[in-house]
Amino acid sequence: MLEAILNGLGGLVAGFQALALDWRSIIMIVIGCILLFLGIKKDCEPLLLVPIGFGCILVNIPLSDLMAKEGFLRVIYDAGVDTELFPLLIFIGIGAMTDFGPVLAQPSTFLLGAAGQFGIFLTLLMALFFGFTKLEAVSIGIIGACDGPTAIYVTSKYAPHLLGAVSVAAYSYMALVPVIQPPIMRAMTTQAERATVMKYKARPVSKTTKILFPLVITILGGLIAPKGLPLLGSIMLGNLMRESGVVSRLTKASENEIANVVTLFLGLCIGATMSGAAFLRPQTLIVLGLGFVAICLDTVCGILFAKGMRVLSGGKINPLIGAAGISAFPMAARVVQREGIKYNKKSYLLMHAMGANAGGQVGSVIAAAVMLSVLAGMGIIS
Amino acid sequence: MADEVLAPMPGKITRILVKPGDDVLEDEEVLVLEAMKMDNPIFAPSNGKVKEIRVKEGEEVDVDHVLLIIE
């Protein structure tokens, strides 16, 4: 009898024993707590870091089987991440939130949104150089889109074992844009270039244009890059609903309720991929490093392209706006505005940067779509 | 000579930091314009005295709207 009670009580300490034998789970629980600390105390992307951090803690508690077959987190993961459904639902919300007005009013800024994507392709090459497989390299390069849902979509489809590392990299670098970009912007421009004043000329954008934009992009983009149509189609569906003005209930649901519910589940699932055995590998550090390089390269390419536009325009373009051609919206545009006004108190780059930034939002999705279709054409993915 | 301070972009005036008759220096912050959910400081273009303020706090302005006059 006594023995049975002792054995029974032994069941209560089994978790501690298993944890004591598994240093990786201990480290990951600490990492989960750090993510929670950053989210709760430092207000750093709390909507993401709180569920990610908690998911990370949950999955590293031994013997709980939350990610085993039919476990709590596994069910959510299989339903939403494995099927790539969650990032797409988030994209409908992003489309519903994004005003493409500034880019439609100044179409040339759209080019900057394309230039800001070159980092993706350069990083892909570097990842191949480091010995990652082609599909892994695609997923790592896509961190350079500086766009969480795109990165999660591509990675869960082609390299799900890297999902934890890639999404942590994508979201943390997005949050660090205000820290990462300014030194690069300063290093690459001269004082005179940074102080250039750009007049904002508002070209009125008609409602018809705003409604046609998502339709044209969906049909054209879908024909060019069918593999990326889920991404492009969902962001443009959200945007069409927004601009049509006739389905405000659906628009609101997309940008609030649906996006919030999905953010919660998606965050939990990302945390759930961060089990010690899968995450604490040298590979993760290389992914984080390459992701950082990707975002720096995006900034560099964007500024170089803007410098080219400056030459062609006879010095009218301030090359700082090139840094906004990434998808981190609206952080990148705000960084440009703040930097610009430091060098010239009459310089207001915000609207130009918003154009480039909105262009970057579409640009990253189109870049991912093009990449997937090219890879399909090469027979690397099916 | 009077200098007009124009709105550099569309937005909402959230704060007015000077009153008519105030002396201002070039590059001194005179207004805050909220555009795209970001507070943007507007600076005086030259040294002078605030002659007239043409906007109220909370007013929505379009680009090139005259915000205040400095002479």
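Helices (H or I, at least four residues) and strands (E, at least two) are DSSP runs, numbered from the N terminus. With that in hand, here is a walk through this predicted model, chain by chain and then residue by residue.

## Two chains, two kinds of fold element

Let us start with chain B. Its secondary structure consists of 8 strands and 0 helices, so its radius of gyration can be set beside the globule rule: the value is 11 Å, close to the 11 Å that the rule gives for 71 residues, and chain B is therefore as compact as a globular protein of that length. The C-alpha trace of chain B extends over about 30 × 15 × 15 Å along its principal axes.

Chain A is built from 20 helices and 0 strands. For its 382 residues a compact globule would have a radius of gyration near 21 Å, and the 22 Å of chain A agrees with that. Along the principal axes, its C-alpha trace covers about 90 × 45 × 45 Å.

The surface, burial and contact values of the two chains can be read from this table.

| Property | Chain A | Chain B |
|---|---|---|
| Residues that count as buried | 53% of 382 residues | 41% of 71 residues |
| Share of contacts (separation of 6 or more) from residues 24 or more positions apart | 76% | 54% |
| Accessible surface | about 16,400 Å² | about 3,800 Å² |
| Part of that surface from carbon and sulfur atoms | 72% | 47% |
| Charges | 27 positive, 18 negative | 8 positive, 17 negative |
| Distance between the mean positions of positive and negative charges | 16 Å | 6 Å |

## Helix α10 and Ser156(A)

Now for a closer look at chain A. Helix α10(A) is mostly covered, with 10 of its 11 residues buried. Among them are Gly148(A), Pro149(A), Ile152(A), Tyr153(A) and Tyr158(A).

Ser156(A) also belongs to α10, which runs over residues 148–158. Is Ser156(A) buried or exposed? Its relative accessible area is 5%, and buried means under 20%, so Ser156(A) is buried.

Where does the side chain of this serine find polar partners? One is the backbone oxygen of Ile152(A), which the side chain of Ser156(A) reaches at 2.8 Å. Another is the backbone oxygen of Tyr153(A), 3.2 Å from a polar atom of that side chain. Once neighbours within four places in sequence are set aside, Ser156(A) is in contact with Val81(A), Glu84(A) and Leu163(A). As for Leu297(A), 141 residues separate it from Ser156(A) in sequence, and the C-alpha to C-alpha distance is 24 Å.

One of the contact partners of Ser156(A), Glu84(A), has a backbone feature of its own. Its phi is near 65°, a positive value in a residue other than glycine. Glu84(A) sits in the loop between α4 (72–81) and α5 (85–97), and it counts as buried at 13% relative accessibility.

Chain B offers a companion case in Lys37(B), where phi is near 60°, again a positive value in a residue other than glycine. This lysine is in the loop between β4 (29–35) and β5 (38–43). Lys37(B) has a relative accessible area of 75%, and it is exposed because exposed means over 50%.

## The loop between α18 and α19

Back in chain A, the loop between α18 (282–312) and α19 (331–343) holds Asn318(A). This asparagine has a relative accessibility of 0% and counts as buried.

Which backbone oxygens lie within polar reach of the Asn318(A) side chain? That of Arg194(A) is 2.9 Å from one of its polar atoms, and that of Glu193(A) is 3.4 Å from a polar atom of the side chain. Both residues also appear among the contacts of Asn318(A) beyond four places in sequence, which further include Ala195(A), Thr196(A), Met198(A), Arg310(A), Ser347(A) and Leu349(A).

Pro330(A) is placed in this loop between α18 and α19 as well. The peptide bond that joins Phe329(A) to Pro330(A) is cis, with omega at about -5°.

Conventions:
Residues numbered from 1 in each chain as written. Chains lettered and ligands numbered in written order. Predicted model: local features only at pLDDT ≥ 70, side-chain atom pairs only at ≥ 80, totals over all residues. Heavy atoms only, no water. Buried < 20%, exposed > 50% of the residue type's maximum accessible area, 1.4 Å probe, protein only. Contact = heavy atoms within 4.5 Å. Polar contact = N/O pair within 3.5 Å; in protein donor to acceptor, adjacent residues only side chain to side chain. Rg over C-alpha atoms; globule rule 2.2 N^0.38 Å. Areas by Shrake-Rupley, 256 points an atom, 1.4 Å probe, with all protein chains shown as cover. Lys, Arg positive; Asp, Glu negative; His and termini not counted. Charge placed at Lys NZ, Arg CZ, Asp CG, Glu CD.
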